[in-house]
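Subject: Structure handover

Hello,

Here is the structure I said I would pass on. Please open it beside this email and follow along.

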Amino acid sequence: MATAATLQMSAEIAQNIREQGAQGYPNECCGALLGRDTDGSSATTTGGALSLPVREIVALFPLVNRRDDSPRNRFSVTAEDVGDSERAAQEKGLDVVGWYHSHPDHPARPSQYDREHAWPWYSYIIVSVANGKPQEMTSWRLSDDRSEYACEEIAIRDRASK
């Protein structure tokens, strides 16, 4: 798997994703990632290397897992949920830049089902929740040809940006 750009968020946002995963256990939680893409110029570089683009997560928009047949290992959102997410982002001057969900008692890696239902460009954060306790959190971006995911590095900032 290739490596995508860096995904930045505050420790508070990361903690909120983990807590939502634990609260939703044993079912999957889900929500939208609200933020913006930057050129990475504010990131620290070494040796004069070019900075890579950075996707900054500024807020979350929690959603209800609409899946009623298998919410333990699948999540679903409606077109209305997506529209509500877009409106919430616009009200904050942001964009919906991705989605997050939990994997109860499974690794924080995209499944074949995840790949089949994902859209390129968006970031997909997955938090593993084992026995109700949040574990590893990863982020992924689907390639344009939908053949594979690229792993995004998650950079946690001490403070939220505005």
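Below are notes on the sheet, the cysteines and two individual residues.

Please keep in mind that this is a predicted model.

The sheet

The strands form an open sheet of 8, in the order S7-S6-S5-S4-S2-S3-S1-S8, and the pairing is mixed. At the edges are strand S7 (149-152) and strand S8 (154-157), each of which pairs on one side only. From one strand to the next, the twist averages 35 degrees.

Inside the sheet, strand S2 (residues 30-38) and S4 run antiparallel and are joined by 6 bridges. To find this pairing on screen, start at Cys-30, whose bridge partner in S4 is His-101. Helix H2 (residues 79-91) packs on the sheet, where the helix touches S2, strand S3 (54-63) and S4. The direction of H2 makes about 125 degrees with that of S4.

The cysteines

A disulfide is a covalent bond between the sulfur atoms of two cysteines. How many disulfides does the structure hold? The count is 0. Take Cys-29, which is in no disulfide: the nearest cysteine sulfur belongs to Cys-30 and is 6.8 Å away. The cut-off for a disulfide is 2.5 Å between the sulfur atoms.

Is Cys-29 buried or exposed? Cys-29 counts as buried, because its relative accessibility is 9% and the limit for buried is under 20%. Cys-151 has 30% relative accessibility, so Cys-151 counts as partly exposed.

Ala-108

Ala-108 sits in the loop between strand S4 (95-104) and helix H3 (112-117). Its relative accessible area is 0%, so Ala-108 is buried. What does Ala-108 touch, leaving aside residues up to four places away in sequence? The contacts are Ile-126, Val-127, Ser-128, Glu-136, Thr-138 and Trp-140. Of these, Val-127 is a useful one to check: Ala-108 and Val-127 are 19 residues apart in sequence, and their C-alpha atoms are 5.3 Å apart in space.

Arg-157

Arg-157 lies in strand S8, which is one of the edge strands. Arg-157 is buried yet has no salt bridge. The nearest side chain of opposite charge is that of Glu-56, 4.0 Å away. Glu-56 is also among the residues that Arg-157 touches, along with Gln-8, Met-9, Ser-10, Ala-11 and Ile-57, again not counting residues up to four places away in sequence.

Regards

Notes:
Residues numbered from 1 in each chain as written. Predicted model: local features only at pLDDT ≥ 70, side-chain atom pairs only at ≥ 80, totals over all residues. Heavy atoms only, no water. Helix = DSSP H or I, 4+ residues; strand = E, 2+ residues; numbered from the N terminus. Buried < 20%, exposed > 50% of the residue type's maximum accessible area, 1.4 Å probe, protein only. Contact = heavy atoms within 4.5 Å. Pairing = 2+ DSSP bridges. Axes fitted to C-alpha atoms, helices over the stretch in contact; angles between N-to-C directions. Lys, Arg positive; Asp, Glu negative; His and termini not counted.
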